[in-house]
Amino acid sequence: MIERSEHGIQPRQISANALKVVERLQQAGFPAYLVGGCIRDLLLDAQPKDFDVATSATPDQVRELFRNARLIGRRFRLAHVRFGREIIEVATFRGPGDKADDEDIDRVVEDGRVTRDNVFGSEAEDAFRRDFTMNALMYDPTSETIRDHVGGYADARQRRLRLIGDPVTRYREDPVRLLRAVRFMVKLDLNIEPETAGPIVSMAPLLDGIPPARLFDEILKLFMVGRAWPTYNALVRQALWPQLFPDLFADPACPPKLVENAMKNTDQRIAEGLPVTPGFLFAAFLWQRVRARADGLVEEGMAPVEALAQAGEEAIVAQGRKVALHRRFSTIAKEIWCMQPRFHKRRGKRALNLINERRFRAAYDFLLLRVDEEPELAEMAQWWTDIQAVDHEERMKMIQAAPGGGGGGKKRRRRPRKRKAPSAS
Ligand code: ATP
Ligand code: MG
């Protein structure tokens with residue numbers, strides 16, 4: 001038990017709605033605490049994303065106490081208590097039979113593995129089934145004390161990331177913890193304790209058994225929260241990257257400049273509060289593969305845009321066996337790819353139409369990121385930058401004066417098609 005004078009957390013740092021939920025549960029006679037990421041973040045001087053509550057009350061009992069509660073998860077394992085836009089997640093203490101969080105359990109069951117149904121447990125059991133010690137702290141806002149069953153408080157104070165229990169066993173139980181280790185380490189600037197770090201590289205292949213949809217959810221948390229580039233490097237160091245994106249780059253330690261640029265750009269945009277999409281990042285990750293395949297198809301006589309569409313689809317399907325990109329994001333990636341050859345056509349109405357297309361901005365940003373590796377695109381990219389900045393009249397003048405009117409621009413530079421393509425494939 002850690003007292004207020006020691007931990008320094010104040011109830012006013014906590015969402016008023018979360019406090020209300022805990023108070024009501026406690027008044028009804030159920031022990032209830034704030035748990036998980038929010039307490040960890042407060043101890044580490046980070047901004048909590050949301051506030052989760054754990055209690056001995058069952059989901060049905062929670063529903064009886066709160067009119068604004070809704071049970072979620074296929075087997076109604078959790079309650080969401082809604083206050084306007086804020087949702088407080090209330091979970092019943094779980095026992096050792098429960099290995100992962102609610103959604104994960106549904107997916108694990110789909111996956112055909114055996115998990116016991118709805119195993120509720122004691123407060124201490126609930127702490128021990130969590131992943132990292134600092135994620136298992138429970139805060140009681142009434143007594144203002146932290147309840148620490150696993151040594152998480154000392155770890156948080158020393159910014160030390162440590163799995164609860166035997167790391168090899170815990171990673172085997174749920175290999176997604178390998179990714180979570182990297183995520184917390186990078187996001188919160190933590191030192192990973194050697195025994196927790198040790199098995200990661202050798203256990204990385206276990207990610208093979210994780211459903212692609214669950215890995216996609218993890219990818220979002222890894223890459224779309226402002227530290228994509230450092231996260232990428234950590235994933236490569238821990239041999240986790242090739243498990244998620246196999247055979248993309250010759251040497252993942254030196255990814256294509258475009259990929260590095262795209263991640264840094266995403267981080268920068270998040271820092272500035274600008275919108276970001278995983279479609280853009282995936283477009284960059286897969287570009288080398290898509291480009292090589294599309295060039296082959298063009299060699300065989302296919303039109304550039306069509307070739308990119310087909311190569312893109314193939315790349316997304318292949319990647320989907322590991323990490324399933326939602327369709328709405330893969331559509332964005334494909335639009336970005338297919339627009340690239342169209343930037344070469346600057347004459348006529350086509351150029352004006354391009355600017356007005358929904359995906360123009362993302363495709364243009366992508367083009368800018370390509371310039372580092374393809375300096376021959378610099379003049380053209382600058383032209384597209386300029387044309388956006390001027391009025392209609394000026395635009396018309398630029399279009400009339402533009403080079404590369406009729407042709408397919410760069411795509412035309414290749415040798416005459418007479419040459420026989422290599423026989424393979
Ligand atoms: P973030 O702030 O990034 O959301 P978080 O710690 O809140 O971090 P969540 O994925 O929201 O992470 O999970 C909430 C809590 O549930 C965790 O703090 C941890 O105690 C527990 N948990 C989540 N995933 C697992 C897992 N795979 N194995 C064990 N415990 C888990
Ligand atoms: Mg959370």
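Which helices each supply at least two residues of the shell around ligand 1? They are helix H3 (37–43), helix H9 (176–187) and helix H12 (212–223). This is a predicted model, in which local features need pLDDT of at least 70 and side-chain atom pairs count only at pLDDT 80 or more, while totals for chains, interfaces and linings use all residues. Residues are numbered from 1 along each chain as its sequence is written, chains are lettered from A and ligands numbered from 1 in the order in which they are written, and side-chain values use heavy atoms, without hydrogens and water.

**View 1. The shell around ligand 1.** Here 18 residues surround ligand 1 (a heavy atom within 4 Å), and Arg40, Lys49, Asp174, Arg177 and Arg183 come nearest. H9 gives the largest share of this shell, 5 residues. By type, the shell holds 14 charged residues (Asp, Glu, Lys, Arg), 1 nonpolar (Ala, Val, Leu, Ile, Met, Phe, Trp, Tyr, Cys, Pro) and 3 polar (the others, Gly among them).

**View 2. Nitrogen and oxygen atoms beside ligand 1.** The side chain of Arg177 places an N or O atom 2.9 Å from a nitrogen atom of the ligand. For Arg180, a side-chain N or O atom is 2.9 Å from a ligand oxygen. Asn135 joins in through a backbone N or O atom, 3.0 Å from an oxygen of ligand 1. Taken alone, the ligand exposes 580 Å² (Shrake-Rupley method, 1.4 Å probe), and the protein buries 92% of that.

**View 3. Strand S1 and its partners.** Strands here are DSSP E runs of at least two residues, and helices are H or I runs of at least four; strands pair if DSSP finds at least two bridges between them. S1 (residues 32–35) pairs with S2 (residues 52–55) in the antiparallel sense over 4 bridges, with Val35 partnering Asp52. Also antiparallel, S6 (residues 138–140) is joined to S1 by 2 bridges, and there Leu34 stands opposite Tyr139.

Technical notes: Polar contact = N/O pair within 3.5 Å; in protein donor to acceptor, adjacent residues only side chain to side chain.
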